[in-house]
Amino acid sequence: MTRRVRAVVHGRVQGVGFRWSVLEAARRAGAAGWVRNRSDGTVEAEVEGDDAAVAAVLDVLRTGPAAAQVTDVEVTDVPPAGESGFGVL
């Protein structure tokens, strides 16, 4: 079963390699979707795949790389888009 989530990550999450750590996690997990910085200082991602793949990427979104300080992650289920591959926008 395919699941897709949108996550908005708050805290010190820009300028610390956050998007690249998410990209690597998604590729390792076989998840599709994208990640991007937002103008309000948060990072937003949409992640699609089986439950295990989505959970693996959510784990990274909740912790980030060593220099990040995640204070909150808002996760919302959204309809799957049938996307393949994962990119940084």
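This report describes the sheet, the helices and the annotated residues of a predicted model.

## Overview and annotated domain

The UniProt record, in an unreviewed entry, places the feature "domain: Acylphosphatase-like" at residues 4-89. Over residues 4-89 the chain is 29% helix and 41% strand. The C-alpha atoms at the two ends of that stretch are 17 Å apart.

## The sheet

An open sheet is formed by 5 strands in the order 4-1-3-2-5, and the pairing is mixed. Strand 4 and strand 5 stand at the edges with a single partner strand each, so one side of each is left without a neighbour in the sheet. From one strand to the next, the twist averages 15°. Strands of a sheet pair through backbone hydrogen bonds, and the pairing may be parallel or antiparallel.

Both senses of pairing can be followed here strand by strand. Strand 1 (residues 3-12) pairs with strand 3 in the antiparallel sense over 7 bridges. Within this pairing, Arg-6 has Glu-46 in strand 3 as its bridge partner. Strand 3 (residues 43-49) is also joined to strand 2 (residues 32-37), again antiparallel, by 6 bridges. By contrast, strand 2 and strand 5 (residues 86-88) run in the parallel sense, with 3 bridges between them. In strand 5, Gly-87 stands opposite Trp-34.

## The hairpin of strand 2 and strand 3

Strand 2 and strand 3 form a hairpin with 5 residues between the strands. In this hairpin, Gly-41 takes a positive phi near 90°. Asn-37 stands opposite Val-43 in strand 3.

## The two helices

Two packed helices are described by the angle between their axes and the distance between the axes. The axes of helix 1 (residues 18-29) and helix 2 (residues 51-63) come within 9 Å and cross at roughly 160°. An angle over 145 degrees counts as roughly antiparallel, and helix 1 and helix 2 are therefore roughly antiparallel to each other. The crossing in which helix 1 passes helix 2 is right-handed.

On the side of helix 1, the contact involves Phe-18, Ser-21, Val-22, Ala-25, Ala-26 and Ala-29. These residues meet Ala-53, Ala-56, Val-57, Val-60 and Leu-61 in helix 2. By class, the residues of this contact comprise 10 nonpolar, 1 polar and no charged.

Helix 1 also lies across the sheet strands, namely strand 1, strand 2, strand 3, strand 4 and strand 5. Relative to strand 5, helix 1 runs at about 170°.

## The residues listed as active site

For "active site", UniProt lists Arg-19 and Asn-37 in an unreviewed entry. Although they are spread over 19 residues of sequence, they cluster in space, with a largest C-alpha distance of 7.8 Å. Arg-19 lies in helix 1, whereas Asn-37 has its place in strand 2.

With neighbours within four places in sequence left aside, Arg-19 is in contact with Val-35, Arg-36, Asn-37, Val-43, Val-88 and Leu-89. Among these partners are both Asn-37 and Val-43, the two residues that stand opposite each other in the hairpin strands.

## Val-73 in an edge strand

Val-73 is found in strand 4 (residues 69-78), one of the strands at the edges of the sheet. Leaving aside neighbours within four places in sequence, Val-73 is in contact with Ala-7, Val-8, Val-9, Leu-61 and Arg-62. One of these partners, Leu-61, belongs to helix 2 and takes part in the contact with helix 1.

Val-73 and Glu-44 are 29 residues apart in sequence. In space, the C-alpha atoms of Val-73 and Glu-44 are 9.5 Å apart.

Key
Residues are numbered from 1 along each chain as its sequence is written. This is a predicted model: local features need pLDDT of at least 70, side-chain atom pairs count only at pLDDT 80 or more; totals for chains, interfaces and linings use all residues. Side-chain values use heavy atoms; hydrogens and water are left out. Axes are lines fitted to C-alpha atoms, for helices over the stretch in contact, and angles run from 0 to 180 degrees between N-to-C directions. Helices (H or I, at least four residues) and strands (E, at least two) are DSSP runs, numbered from the N terminus. Angles under 35 degrees count as roughly parallel, over 145 as roughly antiparallel, 65 to 115 as roughly perpendicular and the rest as oblique. A crossing is left-handed if the near helix is turned anticlockwise from the far one by less than a right angle, and right-handed if clockwise. Contact means heavy atoms within 4.5 Å. Ala, Val, Leu, Ile, Met, Phe, Trp, Tyr, Cys and Pro count as nonpolar, Asp, Glu, Lys and Arg as charged, and the others, Gly among them, as polar. Two strands pair if DSSP finds at least two bridges between them. UniProt positions are given in the numbering used here, feature names are shortened, and annotations may be inferred rather than shown by experiment.
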